[in-house]
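Q: Please take a close look at the helix packing in this model, one part at a time. I'd like the actual residues and geometry, with your cut-offs spelled out.

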Amino acid sequence: HSNREMWFQNFLPPNMCPINAKANTFYGIMFDAGSTGTRIHIYTFVQKNPEKLPELEGEIFESVKPGLSAYADQPEKGAETVKRLLDMAIDAVPPHLWKKTPVVLKATAGLRLLSEEKAQALLLEVKEVFEESPFLVPEDSVSIMDGSYEGILAWITVNFLTGQLSGQNQHTVGTLDLGGASTQITFLPRFEETLKETPGDFLTSFEMFNSTYKLYTHSYLGFGLKAARLATLGALNMEAVDGQMFRSSCLPKQLEAEWHFGGVTYRYGGNKEGETGFKPCYLEVLKVVKGKLHQPDEIRGSSFYAFSYYYDRAVDTNLIDYEQGGVLEVKDFERKAKEVCDNMQRYNSASPFLCMDLAYITALLKEGFGFRDNTLLQLTKKVNNIETSWTLGATFHLLQSLGMTY
Ligand SMILES: Nc1nc2c(ncn2[C@@H]2O[C@H](COP(=O)(O)OP(=O)(O)O)[C@@H](O)[C@H]2O)c(=O)[nH]1
Ligand SMILES: [Ca+2]
């Protein structure tokens with residue numbers, strides 16, 4: 001046995017070992033190169049009945065931080081993080097299936113924000129890692145994903161996992177994803193009116209499981225949680241930050257610190273002399289979202305699935321349980337934002353950005369998308385033990401395009 005296997009024995013729970021692989025089992029490997037981290041999703045499918053569609057049996061998931069964009073100037077080092085995750089797949093997939101198992105990486109907003117040159121250098125290094133692996137490397141196996149696909153594929157994942165894409169009575173749910181650098185909203189419009197009043201580039205037809213779905217979807221680049229922090233501080237898209245100090249009423253008064261994002265170091269701090277607290281903070285974050293997003297009337301009354309940073313911040317403030325998730329109303333985020341922002345000294349063990357993040361989430365939901373105070377949000381990290389991520393939808397799409405299934 002190689003050293004690599006020894007090394008992983010400390011990390012892999014027993015069910016990740018490929019002992020139970022059956023003759024009708026196959027795998028798909030999808031990497032999510034997000035702005036804050038890189039993640040590997042190894043999906044297992046079983047073809048139980050040759051007449052039927054294969055079933056999704058399970059997922060192996062692992063992640064590393066920071067994301068590829070943090071290696072903008074060291075692409076080889078960035079690709080090395082991908083290689084370490086891919087080594088996991090070597091152990092998880094039985095050797096005789098390596099050649100038949102496709103591996104794909106799709107990058108999102110972090111790489112979209114880098115210069116073309118730096119992004120391509122990173123992707124090229126990753127491609128080399130794939131080519132050197134024993135897996136099937138399809139054409140376009142390493143790319144930056146279009147933002148509209150990010151929303152559509154996450155919508156496919158959630159609605160597949162909740163059983164809405166099979167059978168007769170399809171009651172699909174809309175999805176909200178809040179990443180580090182971008183955010184997506186996706187739903188299936190029910191009213192003719194919505195289609196009429198929506199800008200054409202917000203509507204995409206998508207074929208999956210023998211149905212065509214005309215979805216409303218949009219990815220707002222620069223409106224992810226971390227990008228929003230920079231926007232609030234007035235530091236987003238600055239050419240040179242040169243040790244400049246960025247201050248905000250959303251931060252603890254006495255705070256002065258440094259923050260690394262997308263390969264840049266920012267200095268930030270609280271309003272030493274001036275105001276702090278929810279009111280001035282909300283005005284600051286409002287400037288970031290007000291009038292910048294399309295507000296479809298139809299969503300005001302409907303409920304949505306929300307994940308990623310919506311989930312994480314709800315966990316951080318005990319609005320939901322980390323394992324269970326839960327159902328919240330939009331106003332729950334506002335209530336927590338007030339509580340945290342008006343008592344920053346009490347929350348000083350948490351992230352110094354907790355107040356800003358909660359205020360931003362509130363503003364994004366209410367003033368950005370136009371949700372009502374009582375709009376229901378189903379916060380979910382996993383459904384049936386599978387991560388609610390666009391990566392599953394992307395894997396279905398991949399297997400479909402390779403003629404492997406679906
Ligand atoms: N539950 C879950 N959360 C994820 C997954 N991938 C990313 N996230 C969350 O997504 C957020 C970070 O967004 P990221 O993907 O890095 O940024 P983006 O490039 O702007 O989409 C964090 O809240 C992560 O916890 C996943 O597979 N499962
Ligand atoms: Ca993401």
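A: Let's start with Ile152, which is buried at a relative accessible area of 0% (buried is under 20%, exposed over 50%, partly exposed in between, using a 1.4 Å probe and protein chains only). Keep in mind that this is a predicted model, where local features need pLDDT of at least 70, side-chain atom pairs need 80 or more, totals for chains, interfaces and linings use all residues, and side-chain values use heavy atoms without hydrogens or water. Residues count from 1 along each chain as written, with chains lettered from A and ligands numbered from 1 in written order.

Ile152 sits in helix H5, residues 147-161 (helices are DSSP H or I runs of at least four residues, strands E runs of at least two, numbered from the N terminus). What does Ile152 touch, leaving aside neighbours within four places in sequence? Its contacts (heavy atoms within 4.5 Å) are Thr186, Thr204, Phe206, Leu215 and Thr217. Take Thr186: it is 34 residues from Ile152 in sequence, yet the two C-alpha atoms are 6.5 Å apart.

H5 also packs on helix H12 (residues 390-401), with axes that come within 6 Å and cross at roughly 95°. Axes here are lines fitted to C-alpha atoms, for helices over the stretch in contact, and angles run from 0 to 180 degrees between N-to-C directions. That crossing angle makes H5 and H12 roughly perpendicular (under 35 degrees is roughly parallel, over 145 roughly antiparallel, 65 to 115 roughly perpendicular, the rest oblique). On the H5 side, the contact is made by Glu150, Leu153, Ala154, Ile156, Thr157, Phe160 and Leu161. H12 answers with Trp390, Leu392, Gly393, Ala394, Phe396 and His397. By class, that contact has 9 nonpolar residues, 3 polar and 1 charged (nonpolar is Ala, Val, Leu, Ile, Met, Phe, Trp, Tyr, Cys and Pro; charged is Asp, Glu, Lys and Arg; the others, Gly included, are polar).

Now over to helix H11. The largest nonpolar core (buried Ala, Val, Leu, Ile, Met, Phe, Trp, Tyr and Cys joined through side-chain atoms within 4.5 Å) has 62 residues, and Leu176, Tyr310, Phe333, Tyr360, Leu365 and Phe369 touch the most other members. H11 (residues 354-369) gives the most to this core, with 11 residues. Apart from it there's another core of 33 residues, including Ile42, Leu86, Ile90 and Leu97. Zooming in on Leu365, and skipping neighbours within four places, you find contacts with Leu176, Tyr310, Val330, Phe333, Gly370, Phe371 and Leu377.

H11 has two helix partners worth walking through. With H10 (residues 330-341), the axes come within 8 Å and cross at roughly 150°, so H10 and H11 are roughly antiparallel. From H10 come Val330, Phe333, Glu334, Lys336, Ala337, Val340 and Cys341. They meet Leu354, Cys355, Leu358, Ala359, Ile361, Thr362, Leu365 and Lys366 of H11. That contact divides into 11 nonpolar, 1 polar and 3 charged residues.

With H9 (residues 309-316), the packing angle is about 130° and the axes are 11 Å apart, which makes H9 oblique to H11. Tyr309, Tyr310, Arg313 and Asp316 of H9 contact Leu354, Asp357, Leu358, Ile361, Leu364, Leu365 and Phe369 of H11. The tally is 8 nonpolar, no polar and 3 charged.

Asp357 deserves its own look. It lies in H11 and is buried, at 1% relative accessible area. Not counting residues up to four places away, Asp357 touches Leu225, Arg229 and Arg313.

A few backbone details in the loops, to finish. The peptide bond from Lys65 to Pro66 is cis, with omega near -5°, and Pro66 sits in the loop between strand S3 (55-64) and helix H2 (75-92). Asn384 isn't a glycine but has a positive phi of about 50°; it lies in the loop between strands S16 (382-383) and S17 (386-387) and is exposed at 64% relative accessible area. Asn385, in the loop between S16 and S17, also isn't a glycine, and its phi is positive too, near 70°. Asn385 counts as exposed, at 59% relative accessibility.
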